[in-house]
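Visitor: I am new to this structure and would like a close look at a single part of it. Please begin with one residue and then work outward, so that I can see how that part sits among the rest.

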Amino acid sequence: MSGGLPAEVCAAVAAGRLAPLPAALVARLLSGAVTLDVPAGTVVHHAGSGPLAQLLVRGVLRSVITSAEGRRVTIRYSRPGALLGIASVFSTGDAVDVQALTDVQLLALSVPVVQHLARTEVLVAHALLAEVSDRVCAYMEAVGHTTFASVRARLVRCLLDVAAEGRPGGPLVAPLSQQELAEHAGTVREVAVRVLRDLRDEGLVRTERGRVVLCDPDRLAAQTWAPAP
């Protein structure tokens with residue numbers, strides 16, 4: 001796709017639910033969009049902060065729900081091409097916090113433009129409906145993940161969550177020993193050691209005394225459950 005958009009934006013569009021749209025329609029949808037560069041560790045927006053529509057161009061985000069008791073559960077790791085906040089455009093607001101896991105670049109779309117095109121262009125309405133449907137499935141997968149995910153997926157998700165919670169910036173680091181990681185993920189140390197060895201051999205992590213450095217958050221996030229764009 002071309003149409004005068006930067007190459008990185010074109011790649012993000014092609015990777016997500018906007019890919020089937022004609023270039024002219026994508027250009028209309030992105031008209032008035034504002035580029036946002038967000039450093040790692042920043043909360044991009046909070047639950048209930050109002051309607052927004054964003055396209056993730058670069059980096060990795062995580063969406064988190066928080067219980068009344070303060071327990072936080074990650075329901076989605078987003079990669080380039082993901083649309084964020086679409087449900088809030090048509091409802092009273094989003095129910096999740098969204099945090100930058102790495103440095104990210106977003107396109108903040110004009111909410112009135114998105115609403116108008118959703119009413120007048122069936123292809124846009126279909127793309128947004130598909131996106132919202134993906135998010136419903138992500139919620140369901142998050143529930144199932146706590147029960148049915150593989151040990152490897154649980155360990156990877158634990159590393160990402162712990163590293164993100166304590167991150168003020170800089171490299172992603174999970175300050176966990178092998179024993180602590182095993183306990184967080186509900187397994188035994190021997191299994192955690194084996195999984196960490198595999199992740200290290202694949203170039204995804206680097207293990208140091210009392211901590212795990214996450215070398216490739218994007219590839220790790222893709223292994224937490226069935227990937228969504």
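Guide: Let us begin with Thr 102, which in this predicted model has a relative accessible area of 18% and is therefore buried, since buried means under 20%. Along the chain, Thr 102 belongs to the loop that runs between strand S7 (97-100) and strand S8 (104-108). Its side chain has a polar atom that lies 3.0 Å from the backbone nitrogen of Val 60. When neighbours within four places in sequence are left aside, the residues in contact with Thr 102 are Val 38, Pro 39, Ala 40, Gly 59, Val 60 and Pro 217.

From here we can turn to helix H9 (217-221), one of the elements that supply at least two residues each to the largest nonpolar core. That core has 28 residues, and those with the most contacts inside it are Leu 159, Leu 160, Leu 199, Leu 214 and Leu 220. Besides helix H9, at least two residues each are supplied by helix H6 (151-165), helix H7 (178-185), helix H8 (189-201) and strand S11 (211-214), and the largest share, 8 residues, comes from H6. As a general matter, nonpolar side chains in soluble globular proteins tend to be buried together.

Leu 199 can serve as a vantage point within this core: not counting residues up to four places away in sequence, Leu 199 touches Arg 152, Val 156, Leu 159, Leu 204, Val 205, Leu 220 and Gln 223. Apart from this core lies another, made of 24 residues, and among them are Leu 21, Val 26, Leu 55 and Leu 117.

Charged side chains add a further layer to the picture. In general, side chains of opposite charge can pair when their charged atoms come close, and a search of the whole structure finds 9 salt bridges.

One of these joins Asp 218 to Arg 79, with a distance of 3.8 Å from N to O. This pair links distant parts of the chain, for Asp 218 is in helix H9 whereas Arg 79 is in the loop between strand S5 (72-78) and strand S6 (83-84), 139 residues apart. The two partners can also be described by their accessibility: Asp 218 is partly exposed, with a relative accessible area of 31%, while Arg 79, at 13%, counts as buried.

Another salt bridge is formed by Asp 134 and Arg 17, whose closest N and O atoms are 2.8 Å apart. Here too distant parts of the chain are linked, with Asp 134 in helix H5 (residues 122-148) and Arg 17 in the loop between helix H1 (7-15) and helix H2 (23-29), 117 residues apart. Asp 134 is buried, at a relative accessible area of 16%, and Arg 17 is partly exposed, at 33%.

A further pair consists of Arg 206 and Glu 208, whose side chains meet in a salt bridge at 3.1 Å, N to O. Arg 206 counts as partly exposed at 40% relative accessibility, and Glu 208 likewise counts as partly exposed at 31%. These residues also belong to a network of salt bridges in which Arg 206, Glu 208 and Arg 211 are linked.

Last come the cysteines and disulfides. The structure holds 0 disulfides; Cys 10 is buried, with a relative accessible area of 10%, whereas Cys 137 counts as partly exposed at 39% relative accessibility.

How values were computed: Residues numbered from 1 in each chain as written. Predicted model: local features only at pLDDT ≥ 70, side-chain atom pairs only at ≥ 80, totals over all residues. Heavy atoms only, no water. Core = buried A, V, L, I, M, F, W, Y, C linked by side-chain atoms within 4.5 Å. Buried < 20%, exposed > 50% of the residue type's maximum accessible area, 1.4 Å probe, protein only. Helix = DSSP H or I, 4+ residues; strand = E, 2+ residues; numbered from the N terminus. Contact = heavy atoms within 4.5 Å. Disulfide = S-S within 2.5 Å. Salt bridge = Lys/Arg side-chain N within 4 Å of Asp/Glu carboxyl O. Polar contact = N/O pair within 3.5 Å; in protein donor to acceptor, adjacent residues only side chain to side chain.
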